[in-house]
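Welcome, and please have your viewer ready. We will take this tour one selection at a time.

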Amino acid sequence: MGTDLPAASGSPLPQIGRRRRVILFATIVPLDSSSGGTIVCREHLRSIAAAAGTETHVYAPPGRSQGDPRDFPTSVGAVFHPLDLAPPGADYPGRPAVSGHPFSMERHAAENWRVDQRFCEIATEIQPDVIIIDYLYTALFIPSAFCSGVPVVMITLNREREFYRDQRGLGRVPPQARNSQLAEWRLGRFENEVHAMADHIVVLCSHDIPRQRQQAARTRVIEPMLQEHARKWCHGGAVNIFFVGNINHYPNYSAVRWLCQCLAPALASSAPEARLTIIGADSAEVPETWLHANVDLLGRSTAEEVLQQFTGCGIFIAPIENSFGSKIKILEALAHATPLLATAEALTGVPGAAGIPLIRLDDPKGAADLAVSLLRS
């Protein structure tokens, strides 16, 4: 991420001699590395804290990382304010009413209505010059940010209404959300309202620039990048094709379905010795028709196993069919110098993607032949 934080037109600048105070609010995305969203949030924090003359505060859940949750923010020079989120399904007196057609995270935000109170306390104490909200749904938790008089920068990860429409089409709407056209419409209205209220919008790829002219004028595309990883891929003679992605996330569900139903049979014909290695799904989670002799479903596995695959697999594959945001698994492969092939959609929001071999989801045989030629190269 870039480190240039624009000032809103007419907004007060920090006093001369005082560092610019920034609050990064990431209610949904914990500061660990368990998913693409959490990884990119870490990089946002790293880049913001590195901006010259900036005092950075992060208000977020501790996440599932080992050790003290303040370790990473401290390591990049930020101050961590832990956010205690009640789990979905909690019920507190006085919570706001929610429509009978809720969209993603809406009920969870209502259950955690005290988060906004705590945010106001922190903002009053810190007196920030900029508020940065990471992820559109995070705005549900802190509506006060938009009436604080402080410039707000909204970082989006997807075109959320379209993303929700795809989830509905697959019947994979998140818990507490309604699979209805009205819920989708309400989400689209919320998305437009947040974009309209934000002083600046940051998107991860040009596909995600809002269509409204005024909102587009306040939008900047900043493609994320990950730091080069110390452990690099090494050719060890492996003949497997590797994919990682939690099947509960609908783009990964679609990818695993294609790998099992389409690529696996084609691969068996092209190279019986080659295998598909998939982390993020196990055999109990998929239909029986997805199970093939040349497919290894390793379940959720471990971070160490993921690292071993990135650094020792035959090749990494990203059969992603949507063009939303940036595909962090591609950035992870690049950080490890792992050879890969991908769809054109998987490469949106990925800087330096020219030259990566492309596959088409409507041509599994061609994808299998290309993968085999690379494995045998």
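Which residue in β10 does Ile278 stand opposite? Select Ile278 and look across to β10: the residue there is Leu297. Keep in mind as you go that this is a predicted model.

Now widen the selection to the strands around that pair. Strand β9 (residues 275–279) runs parallel to β10, and three bridges join them. Both belong to an open sheet of five strands, ordered β10-β9-β8-β11-β12, with parallel pairing. Colour β10 (295–297) and β12 (340–342) next: each has a single partner strand, so one side of each is left without a neighbour in the sheet. On average, neighbouring strands here are turned by 25° against each other, direction ignored.

Add helix α8 (residues 250–270), which packs on this sheet. Helix α8 touches β8 (240–244), β9, β10 and β11 (315–318), and its direction makes about 170° with that of β9.

Then move to strand β2 (residues 54–60), where six of the seven residues are buried. Strand β1 (residues 20–25) runs parallel to β2, joined by six bridges; pick Arg21 and you will find its bridge partner, Glu55, in β2. Strand β3 (residues 78–82) also pairs with β2 in the parallel sense, over five bridges. For a place to zoom in, select Val58, which stands opposite Phe80 in β3.

Finally, zoom out to the protein chain. There are 11 helices and 12 strands in it, and 51% of its 377 residues are buried. Switch on a surface: the chain exposes about 16,900 Å², with carbon and sulfur atoms supplying 51% of that area.

Technical notes. Residues are numbered from 1 along each chain as its sequence is written. This is a predicted model: local features need pLDDT of at least 70, side-chain atom pairs count only at pLDDT 80 or more; totals for chains, interfaces and linings use all residues. Side-chain values use heavy atoms; hydrogens and water are left out. Helices (H or I, at least four residues) and strands (E, at least two) are DSSP runs, numbered from the N terminus. Buried means under 20% relative accessible area, exposed over 50%, partly exposed in between (1.4 Å probe, protein chains only). Accessible areas come from the Shrake-Rupley method with a 1.4 Å probe; for residues, only the protein chains shown count as cover. Two strands pair if DSSP finds at least two bridges between them. Axes are lines fitted to C-alpha atoms, for helices over the stretch in contact, and angles run from 0 to 180 degrees between N-to-C directions. Contact means heavy atoms within 4.5 Å.
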